[in-house]
Amino acid sequence: MEKSPKSENIENSLEWERSRLDKEQLEAVETTEGYVRVVAGAGSGKTRTLTHRYLYLVKEMGISPANILCVTFTNKAAAEMKKRIRSILGGDDSGYISTFHGFCVQFLREEIHVLNYPKEFMILDEDDQKSLLRKAYADLGFSLKDLKISSVLDFVGGRKANDIGYVSLFAEHLADEVGASAAENAPAVENEKREHLVELADEAPDKWMAVYYRYLYEQKKNYALDFDDLILVTLYILENFPEKLDKWRKRMMYVMVDEYQDIDGQQYCLADLLSSYHKNLFVVGDPDQTIYGWRGADINRILEFDQFHKGTKTILLQNNYRSTPSILKVPDAVIKNNKYRIEKVLRPVRAGGKTPVFYHAKNTREEAKWIVERIQNAVQNSVKNGAGGVHYKDIAVLYRMHSQSRSVEEALMSESIPYKVYSGVGFYQRKEIKDIICYLRMLVYADDLSFIRTVNTPKRQFGPKKMAILQAFADTRKVGLYEALLEIVYEAGRLNDVAPDVTTQAELSSVGNDHRKIDFDCKEFLSRSNVVEYVKLIEKYRSRYKDMRVSELLSKMLRETKYEEMLRLDGDEDRLDNLAELKQGILEFENYYEEDASLDEYLQNIVLFTNADEDSQEKDRVQLMTIHNAKGLEFPYVFVCGLNEGFFPVKRVQNKMQLEEERRLAYVAFTRAENVLCLSDAEDGVAGESGSRYPSRFLLEMNMDELDVARGFSDDLLLAARAFIAESDRNRDLMNDFDEDESLGAVKKAPTAEFAVGDRVVHKIFGIGTVSGVDKKNFCYEITFDKFATPRSIQFDFPLVRG
Ligand SMILES: Nc1ncnc2c1ncn2[C@@H]1O[C@H](COP(=O)(O)OP(=O)(O)OP(=O)(O)O)[C@@H](O)[C@H]1O
């Protein structure tokens, strides 16, 4: 058969790429059947291996992308992988390449009808969750003083994770065929479950549970799922609808999971369930880079993978293609102090390179100054040498905690060096971005959250009083706020000039409500307010958005809502810049998704976007970020600053497991560097501040002879640091070594106390209480809960939240 030029290209490119895999990478690519665990060191080409394995399955084995699930850690990694695969496969559908959350959204859009949820359910980000909680507080008459929102958020998340049965509280259980038809009417279904949730809240044993049920009620009202739900509801459907499990596990012939060392328990279950029919599960990860213990990652999952997956083949990738040999000695020297790992070395493929530099500063200001001088030298020398070498964007400054960026920022500013801090506030969480996204969400969902956020921004004289009246009216009609407002506007005859083909929800609801009279003066309610203009605008684009490009919708919304004008009048350049960046992002989205670039798709995409997805290298500026944010990235020039005890490792480390996680973080930091690695610490805080700092134990674990010491610390300081570390380890139970004969399971049986007598804590069932005793012998707290007369004994390792 004659080959088409396209297929020839494909094979050529695959051959060509294949020749660039090393022996172990190739083995990982070609071992397609059964359980395969790839334990890979930093910079060993995990991404390359995963991409080639995907191509191998499709091109060499003829597997359809629709039968392959490939899970990445970030959306950015998924997008990059899709791009590469599409470029090689020539635009073929790249199926299920996504994060766990992204996959769950795809799954739920197809299956959630069995719970009588519409497939266009809304996804809540943290900001939305807080708004729902505030609404729940208001309805319950609670104040922020009663319960802290952030604690309640943790409580809700913990509660859901511990009892997946909660799903049945806000979702109906329908047989598949009934579900499919009922789901079409889902928004109109009068739901008894909602009322049941209100009753549960009224009868709840404590405030925590009352808010919890009210939160579920609000979710149901908005047909919304939060991030935790995406996975939990997927698991719930798979576990409760055998025909769905059967369908999906038969569909997923090959399941691949990247960054397996950092998955949590639910993600672990999901990967296992989906691969339980064909039993082809390929996991790749680096136990030495497990850095999300605080988010549910457990290094055991990768270390003990072979015990739970019979016949597992393990392949080690140990070649490091990223860093020079002298750089690799640093992470190697540090990580080998961890007991709990799979022994592996980093074999440098590159040769030569500069020796890593160390600088001990007198204080943080001097440390920052040194960093900035080196940055200037690196960039200026490379310009002088005409090497075209180092640009600002090639340089990253990494630190353990966000707060450590301040002194470096000040020094960069004083030298007018451009930089960008990857802060905790994600792009899509910024006020102006969220506002305008909520305008776009109004067109698709018209949900309460987006309505509250947009109706009076810019000002339309629609303040709290009018909102309260509207809320009361919406409650009596049992509809959302916007639908209630539409009914009022319609009743007042103010929608006559909207295009006649628009079937507004008001028309629908007034029919549904049999023209029930509104018992207040609608015209009076609408007077002295521009809210009718708002409604007209939303209605105009609600009926057209499906036929418009997202970029066009954005421009129209920015202009016609007068949002952009408001920022211009305020002279808010930063916010206007952010909006410009948003526009750019939308154009890129449209280019990438082409005809699939619908508004629904866009909204779904951005809600899954996390800080880790922020594009880090588009402009020429130095990049400042925490080590967590640097995961998976690489830079020619890396500074790791603030290497001091109490900062790195952080002060809150309480046990050996946590200390090992800090050491893994150090390993991640040092292995980001390609050509140059600079390390620094500071003896004091800002000059004049009291309190000495000791160099980090991670520095002491390095061989100083293998570093270019620009300025070292004195022998006295070294001795004092050793004494300080020994003493603080004794106090924090860090001295007891792991028992070599015991598995980690046994090590974990000796948890330590995180709370002290007098601390207020929250238990997911018993509510809030005070720690009245700490029994170190039996590893238990004695806690007097507010609602019990007698104290209860709770184990140290039981999850409690600080109250
Ligand atoms: N066989 C190979 N030959 C040459 N270069 C390679 C090979 N495999 C990977 N690389 C290069 O090595 C670098 C590191 O690869 P990659 O980012 O995939 O590593 P990784 O294992 O995901 O790293 P980390 O876990 O540290 O983030 C990349 O620049 C990649 O292009």
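Call a residue buried if 20 or more other C-beta atoms lie within 10 Å of its own. By that yardstick, buried residues make up 41% of the 803 residues in this protein. Keep in mind that what you're looking at is a predicted model.

Let's start with the overall layout. The chain folds into 35 helices and 22 strands, and it's divided into five pieces. Domain 1 is built from two stretches, 18-113 and 233-317, while domain 2 takes 123-176 plus 194-222. Domain 3 also comes in two parts, 347-426 and 613-740, with domain 4 covering 431-609 and domain 5 covering 759-802. If you want a feel for the spacing, the C-alpha centres of domain 1 and domain 4 lie 39 Å apart. Long-range contacts count for a lot here: of the contacts between residues at least 6 apart in sequence, 75% join residues at least 24 apart.

Now for the ligand. It has 18 residues around it, and the closest are Ala-42, Gly-45, Lys-46, Thr-47 and Tyr-321. Sorted by chemistry, that shell holds four nonpolar, eight polar and six charged residues. Helix 3 (residues 46-60) supplies the largest share of the shell, three residues. The unreviewed UniProt entry marks a "binding site" at Ala-40, Gly-41, Ala-42, Gly-43, Ser-44, Gly-45, Lys-46 and Thr-47.

Take the first two residues of that UniProt feature in turn. Ala-40 sits in strand 1 (residues 35-40). Is Ala-40 buried or exposed? It's buried, because 29 other C-beta atoms fall within 10 Å of Ala-40. Beyond its neighbours within four places in sequence, Ala-40 touches Lys-46, Val-284, Asp-286 and Leu-317. Gly-41 is in the loop between strand 1 and helix 3, yet Gly-41 is buried too, since it has 26 other C-beta atoms within 10 Å. Again setting aside neighbours within four places, the contacts of Gly-41 are Asp-286, Leu-317, Gln-318, Asn-320, Lys-344 and Leu-346.

On to the inside of the protein. The largest nonpolar core has 146 residues, and those with the most contacts inside it are Leu-69, Cys-70, Val-211, Val-255 and Leu-485. Leaving out neighbours within four places in sequence, Leu-69 is in contact with Tyr-96, Phe-103, Met-252, Val-255 and Leu-274. Apart from that core lies another one, of 59 residues, including Ala-378, Tyr-399, Phe-639 and Leu-679.

For a contrast, go to Lys-517, in the loop between helix 24 (505-512) and helix 25 (522-526). Lys-517 counts as exposed because it has 7 C-beta neighbours inside 10 Å. Its C-alpha atom is 65 Å from that of Arg-53, and the two are 464 residues apart along the chain.

Finally, some backbone oddities. Most residues other than glycine have a negative phi, and most peptide bonds are trans. The bond from Thr-457 to Pro-458 is cis, with omega near -5 degrees; Pro-458 is in the loop between helix 21 (448-454) and helix 22 (464-477). Phe-648 and Pro-649 are also joined by a cis peptide bond, with omega about 5 degrees. Pro-649 is in the loop between strand 15 (635-640) and helix 32 (656-670). As for positive phi, Ser-416 has a value near 55 degrees, and this residue is exposed, with 6 other C-beta atoms within 10 Å. Arg-528 also has a phi near 55 degrees, and Arg-528 is exposed, with 10 other C-beta atoms within 10 Å.

Notes. Residues are numbered from 1 along each chain as its sequence is written. This is a predicted model: local features need pLDDT of at least 70, side-chain atom pairs count only at pLDDT 80 or more; totals for chains, interfaces and linings use all residues. Domain bounds come from an automatic or database domain assignment. A residue is near a molecule or strand if its C-beta atom, placed from the backbone, lies within 6 Å of it. Helices (H or I, at least four residues) and strands (E, at least two) are DSSP runs, numbered from the N terminus. Ala, Val, Leu, Ile, Met, Phe, Trp, Tyr, Cys and Pro count as nonpolar, Asp, Glu, Lys and Arg as charged, and the others, Gly among them, as polar. UniProt positions are given in the numbering used here, feature names are shortened, and annotations may be inferred rather than shown by experiment. A residue is buried if 20 or more other C-beta atoms lie within 10 Å of its own, exposed if 12 or fewer, and partly exposed in between; C-beta atoms are placed from the backbone. Two residues are in contact if their C-beta atoms, placed from the backbone, lie within 7 Å. A nonpolar core is a set of buried Ala, Val, Leu, Ile, Met, Phe, Trp, Tyr and Cys residues joined through C-beta atoms within 7 Å.
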